[in-house]
Structure formats: C-alpha cells, structure tokens
Amino acid sequence: MTDHLDLLESHAIFILREVVAECERPVLLFSGGKDSAVLLHLAAKAFAPQSLPFPVLHIDTGQNFPEVIEFRDDAVERHGARLLVASVQDSIDQGKVADPGPMGPRNRLQTVTLLDAITEHGFDAAFGGARRDEDKARAKERILSFRDAFGQWDPRQQRPELWQLYQGKVNAGEHLRAFPLSDWTELDIWQYIEREEMALPRIYFAHERDVVRRDGMYLAVGPHVTPRADETVERLVVRFRTVGDANLTGAVLSDASTLAAIVDEISRANVSERGATRGDDKFSETAMEDRKREGYF
Amino acid sequence: MKLATKDLLRLATVGSVDDGKSTLIGRLLVDTRQLFDDQLDAVQAASERRGVGDLDLSFVTDGLRAEREQGITIDVAYRYASTPTRKFIIADCPGHVQYTRNMATGASTADVALVVLNVAHGLKEQTRRHLCIAALLGVRTIIVAVNKMDEVHWSESAYVGVVDEVTTLAHDLGFESVTTIPVSALWGENVVERSSHLDWYDGPTVLQALEACQAGSWTHTRSGARLPVQWVLRQNGGGRTYAGMLNGAPLHEGDVVTLLPANVETTISSITSGSGARTAATAGLSIDVGLAHETDAGRGDLLATAPLPQVTKEFTATVCWFGEQPWRANQRLRLKHTTKVTPVRLRELTGVVDIETLSVRSSDELATNDIGLATLQTADWIAVDDYRDNRVTGSFVIIDEATNATVAAGMVGRASFL
C-alpha cells in the first residue's frame, strides 16, 4: 500500500529531477541538520545509481556544533558528493558585512555569503530543506521560488504554480530556490528518518550536556556560548530538536535516545520546533519574511 | 510506538474576499488543536498589537506583513493537519479577483474545495468565478460553509435561500458531491463543535464532512498508465532506465507500452521506486523503468499503455489567462506539457466564459482572469489526454518567453458545462 510517506518521497524526487532537468547549474544547500540530511538522501535516490548531478553547499557561520560538521563530512563522503563551503567569516574579513563580535549572532549575515556564493558559482537553482510548516512566511512560498537578480523574494508576485508543472526557467543572474520538502511536517521528517534508518548528528538524541538558561532557552555551554556572571551552568539530559547556530539554538529537555522515542515525542509535542529552540525567529513578528525577502534560505 | 499509516487529503478554500475563508481555517486548526502553543500565542500577540481583538483567527494563515496590515489574503498559505488515519494539506486561497492566479494554484491539486460564502451576501461574482475554476480544475467534491450565520440571527430561511442558489450553480457545474453547512467561523459553530443556535440543522460539521471525503481523488483517471519521461538514468554495466512520476492506470512489469510521439512499442522489463525494485506501481509514485528493447527515449517523451492518448499539434483547450497583457490570435508563447516544452500559438479563440451565465461569448483576445475556449497549435508533437480523463497529460501551462512568467494554465478539451 502507498502511504503518505511514499507520496511525499515521490513528490520530492519528482521535484529534484525536474529542477535538474530544467536548470543549468543547481546546487543543494546542506547544513547537516535533519531536513537537509533527508534532502540529500532523497537526491541520492532520485539519481541512483549515478552520482549526484550537482554539488553540495554549506554556508558556514563558524558557529557550528562540532558533531554537525563531523556528520556533514561523513554524509558527503557516503554519497560521493562534492562539498563547497562558503564562510561567513570570509564575508566579515572582506568587509562585506559588519563583524558582530565573536559571540554575536551571525544568522542574518549568512544571506550575503549565500548570495555571493550563488553569484560566484553561477548557480541558477538552489535546493533547500525548508518546510512550509516551520513558519508562516514559509507557508506562503512556492515549491519553486523565484529570486530576482538581487536574490530577493517578492511574496506579492509569485509565479502561479499549478498541478505539478514546475517551470524552472530564469534569465541570467536570477535564480530559483527549490523546496522539495515543502509539504512535509516535522513529524513526517522523523517518521521518514525512522523508516529509512538514516544516520543523523548525535546531538539530535538525548545526552548529558552543560547548559545555561538564556532567553527562555537552554543553550549549550561551549566555544560559542560562555556563561554570563548571573547564569548557572546545569548538567541536564537534553537533545536538539533543530540544528542552527550554536549560540541561537536551544536544547530541549528530553530522554528520547532512539528514533522511535523521538517520533513518539514529536507526535505529542505542544510547542513548535522553531518556537522551542530558535532565537533567530524571535526578533520580530515577521522575522522570517524579512530575512526571506533579502534572500535568506 | 509505530504510528499508523495515513492517507492524504488535499483541501483548498474557495470563495470571495471577506467571506471568512482564513477565519474558518484558523478556527478549524485551533479547535482541532493542530496549532502549537507558541503559534497560538504569536497569533494572539499579533492580534493585540494590531488592535483587532483578542484573537484574529485569520492571522493563523495570513502570515505576511501586508496581509495582516490589509486584512486580506494575498497568496496561498499551506497548513497541515493530522488525524490518526489522515494527513490533511490545506491550501487557504485568496478571494480577491486580483489574486485569482494564486487561488488556481491552490486549487489545482485539491481533492476537495471548501467553499466559504457570506449568508447575508449570497453568491458573489467572485464566488461564481472560483466555483467555475474549481470545476474546470476537476474538483468533484465541494463542502459549502454558509458563514456568518450569527449576523442573520441563525435564520434558517436566510440559509435556505443561499443554499438553493449555490446548489443550482453546483449542479450546472457538474460537481458530484455537494454538502452545505450553516456555520459561524468567528464563534466556532458547526466547524468542529456543533452549534447550539442551529437546532434546525442536523447535518455534519465541517470537520465531519472533511473526514468523510475520499482522499486521492485528484489522481482520479480514466486513462491508461502514463509515464512522462523526466530523466534518463544510466545503469552500472550499461543500459538505461527512464525516470518519471507515474499517473493514470497502474503499471506492471511485462506491460506493453508505447513510446510517444515516436509510436514505438516495447515492454516494461523492470520497475524501481524509492523503496527499491517492485513488480507494479500506482499513480503518484516516482519510478524508473527498464524497457525490453533499445529505444531512443528521452525527456519530453511519454510511455503509455492503452487506451493511448492523442498525438497532435493542434487541440481544443480551456485556458485560464493570468497574464497582464492579453493574448491574441497567432501570438507565440511557450507551452509546458508534462516534461515537454514547445512553442505554442493561439490558433483560434472560440470565446470567453461569461461567469454569470456560464455561456461562451465571442472575443478576440484573452484578458486577465478570462477563462477562454481556444484552439492551440504547438510546434512539436505532444501526446495529450482530455483533462477529465487524466489531470497530468491533460494539463499545461503557458510561459512568456521574455520574462519566463507563467501567464496561463490550460486544460485539454472542452469542459462539460460550457
């Protein structure tokens, strides 16, 4: 029997093949998080037994969890992919963006690094693992989302996108963002990872870690988060529900140490993944829309 | 714990601006507890900040800054809901005539249309237009929420008047299943919770009606198997397989297929999907197939089983025009049909649909938001089915060659109500 996971998988594979066929130079944006891991897994299926017909691009903020970088390198090697790394530090060093300081947030700065990498390599399509259930602005976005020559998204002028007739033609300098996981929810992602027995960074599973409570989140004490004078370091059993910059991504209290336990936990959750764990979405009511308009993921 | 497998129901809201589509979806999601606590908190905070009361339910789906400022829906919002046996994909569509193209985007893959109209206003022209487009797009099931019953003091006669109007139109448009429900989305009456003001009504709530609908109807088909070739995969040790998403009838290993437009017969020797080799596949699955004979198949070709589609360069179609500039006879554009792109021109415009009377009146151009009946001519051979037989091989979009904008969506054949 064909269930909803089979249909979501098939739809994603269809989109991957369609964009590769219609565009000249696609690239897959890969952060090492669960969604981009699923995307890479689907891309490998879509073109098997051939190797991936596009490179994989990591926008490196320099504020990563080491376990995620380790996973990134393993995954890229396992799939025989070609990895490109574009570094936010380089953008800072070149004076293209202001230096927020060693502990400062670099999330929004990624947009400049990403757009520069797209221009430098001449990419006309970038696959991303964004899902519509993550945020109210993402809920509005097409599966093939057009970006003008400045990388901007215009939510008032999106191309009609009927049936599954995705059309990916752009003029020189413009590009597309393609989101094969648009219709997946967080629970779909975890059920699929469980079904496919996929590997993931260890930080998604429950483990003991030193954390501090800051802005309503548990932040992992480490090179990117130093406890402040008024903060107490606690050692707790936690896991990460999303993976972003180490200084903006909160851990959740959880003893889910297997995929089955995580699926169970997510199916009962009453707080959204970004609400629970992401400082970068809390800047304003339309934080995601504002960043997307500028060319963010 | 292993969660049960689910089917997938795609739902789109249709109807005019300000009749309460977004509020109804917000109500449905809130009352079925599909919203996370922090999402509900954010909607509450935004409502207070903008001075629109404690909880503006439309903010659940109207997520863009401009939408919240203007209190309208500009583009489709996709929301997801789940019951133990069903995953819902909800497309909350804009009602404003200017954004008809976005409504068509949301409705094009829908199994069910949730029609929302204001009981005090009845059938507005824009509601008629949306129903007409939903019918053209092949939606066969509609649930009509007659909204704002609180504003007419829960009057049964007001409800019956609107229902008569809408069921007559729904009959003319050929919908197969029509359920009408009196609701107040604002107060949550008959959406999820049964109304205490409407004791004269004993039909289903909106949620009950949605749970009773059949999933997957948008892949309904009367055609043979259709596999538009997307991509050719080279296999290790030589040989090729042909990848694409299957639609139409199921395909089996050993089936005789015809490669079109070349018109070459061969046999399916293998089928592979995301989960590995298999002996058969059904519509909606991405597969790659091996063929028994060496063939020169590539992207844009079609593998089909009987009954075969028509291979043609000229065909009748119903066209929804979204372009800002009109389309006139002989003007050349680009057509995308399945995985094939070919130049196209408007050979002859029979006329455009009058939304009030559903008749076709003559016209010499297709203007913005017109629905036209036309004969199109393509440069290359394409293999088409009537849209009512197959939504994939029966549909196409038209693209402006200079800007790459999608300017029209079309359906092969003449809709039965025209």
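The following dialogue examines how several descriptions of this predicted model are justified.

Biologist: What makes chain A agree with a compact globule?

Modeller: The argument rests on the radius of gyration. A compact globule of 297 residues would have a radius of gyration near 19 Å, and chain A has 19 Å, so the value agrees with the rule. The C-alpha trace of chain A spans about 55 × 55 × 35 Å along its principal axes.

Biologist: What else describes chain A, and how many helices and strands does it have?

Modeller: Chain A has nine helices and ten strands. Of its 297 residues, 66% are buried. Among the contacts in chain A between residues at least 6 apart in sequence, 74% join residues at least 24 apart.

Biologist: Why is α2(A) called oblique to α6(A)?

Modeller: Two packed helices are described by the angle between their axes and the distance between the axes. Helix α2 (residues 34–47) of chain A and helix α6 (residues 186–196) of chain A cross at roughly 55 degrees, and their axes come within 11 Å. An angle under 35 degrees would count as roughly parallel, and 65 to 115 as roughly perpendicular. The angle of roughly 55 degrees falls in neither range, and therefore α2(A) is oblique to α6(A). The crossing of α2(A) past α6(A) is left-handed.

Biologist: Which residues make this contact between α2(A) and α6(A)?

Modeller: From α2(A) come A:Lys34, A:Asp35, A:Val38, A:His41, A:Leu42 and A:Lys45, while α6(A) supplies A:Glu186, A:Ile189, A:Trp190, A:Tyr192, A:Ile193 and A:Glu196. By class, the residues of this contact of α2(A) with α6(A) are six nonpolar, one polar and five charged.

Biologist: Let us turn to chain B. How do you know that helix α4 of chain B is largely enclosed by the rest of the structure?

Modeller: A residue is buried when its relative accessible area is under 20%. In helix α4 (residues 100–107) of chain B, eight of the eight residues are buried, so the helix is largely enclosed by the rest of the structure. Those residues are B:Thr100, B:Arg101, B:Asn102, B:Met103, B:Ala104, B:Thr105, B:Gly106 and B:Ala107. Their cover includes β1, β2 (77–82), β3 (86–92) and α5 (125–136) of chain B.

Biologist: What makes α4(B) oblique to α5(B)?

Modeller: The axes of α4(B) and α5(B) come within 10 Å and cross at roughly 40 degrees. Because angles have to be under 35 degrees to count as roughly parallel, α4(B) is oblique to α5(B). Their crossing is right-handed. In the contact, B:Thr100, B:Met103 and B:Ala104 of α4(B) meet B:Gln126, B:Arg129, B:His130, B:Ile133 and B:Ala134 of α5(B). The residues of this contact of α4(B) with α5(B) divide into four nonpolar, three polar and one charged.

Biologist: Why, then, is α5(B) called roughly parallel to α6(B)?

Modeller: α5(B) and helix α6 (residues 156–173) of chain B pack at an angle of about 30 degrees, with their axes 10 Å apart. Angles under 35 degrees count as roughly parallel, and therefore α5(B) is roughly parallel to α6(B). The contact joins B:Arg128, B:Leu131, B:Cys132 and B:Ala135 of α5(B) to B:Val166, B:Leu169 and B:Leu173 of α6(B). This contact of α5(B) with α6(B) has six nonpolar, no polar and one charged residues. The crossing of α5(B) past α6(B) is right-handed.

Biologist: Two residues of chain B also deserve attention. Why is B:Asp18 called exposed?

Modeller: Exposed means over 50% relative accessible area. B:Asp18 has 55%, and therefore B:Asp18 is exposed. This residue is in the loop between β1 (7–14) and α1 (21–31) of chain B. B:Asp18 is not a glycine, yet its phi is positive, at about 75 degrees.

Biologist: What makes B:Asn404 count as buried?

Modeller: The cut-off for burial is under 20%. B:Asn404 has 3% relative accessibility, so B:Asn404 counts as buried. B:Asn404 lies in the loop between β25 (395–399) and β26 (406–412) of chain B. Although B:Asn404 is not a glycine, its phi is positive, at about 65 degrees. Leaving aside residues up to four places away in sequence, B:Asn404 touches A:Arg159, A:Gln167, A:Lys169, A:Val170, A:Asn171, B:Arg334 and B:Ile399.

Technical notes: Residues are numbered from 1 along each chain as its sequence is written. Chains are lettered from A and ligands numbered from 1 in the order in which they are written. This is a predicted model: local features need pLDDT of at least 70, side-chain atom pairs count only at pLDDT 80 or more; totals for chains, interfaces and linings use all residues. Side-chain values use heavy atoms; hydrogens and water are left out. Helices (H or I, at least four residues) and strands (E, at least two) are DSSP runs, numbered from the N terminus. Buried means under 20% relative accessible area, exposed over 50%, partly exposed in between (1.4 Å probe, protein chains only). Contact means heavy atoms within 4.5 Å. Axes are lines fitted to C-alpha atoms, for helices over the stretch in contact, and angles run from 0 to 180 degrees between N-to-C directions. Angles under 35 degrees count as roughly parallel, over 145 as roughly antiparallel, 65 to 115 as roughly perpendicular and the rest as oblique. A crossing is left-handed if the near helix is turned anticlockwise from the far one by less than a right angle, and right-handed if clockwise. Ala, Val, Leu, Ile, Met, Phe, Trp, Tyr, Cys and Pro count as nonpolar, Asp, Glu, Lys and Arg as charged, and the others, Gly among them, as polar. The radius of gyration is taken over C-alpha atoms; the globule rule is 2.2 Å times the number of residues to the power 0.38.
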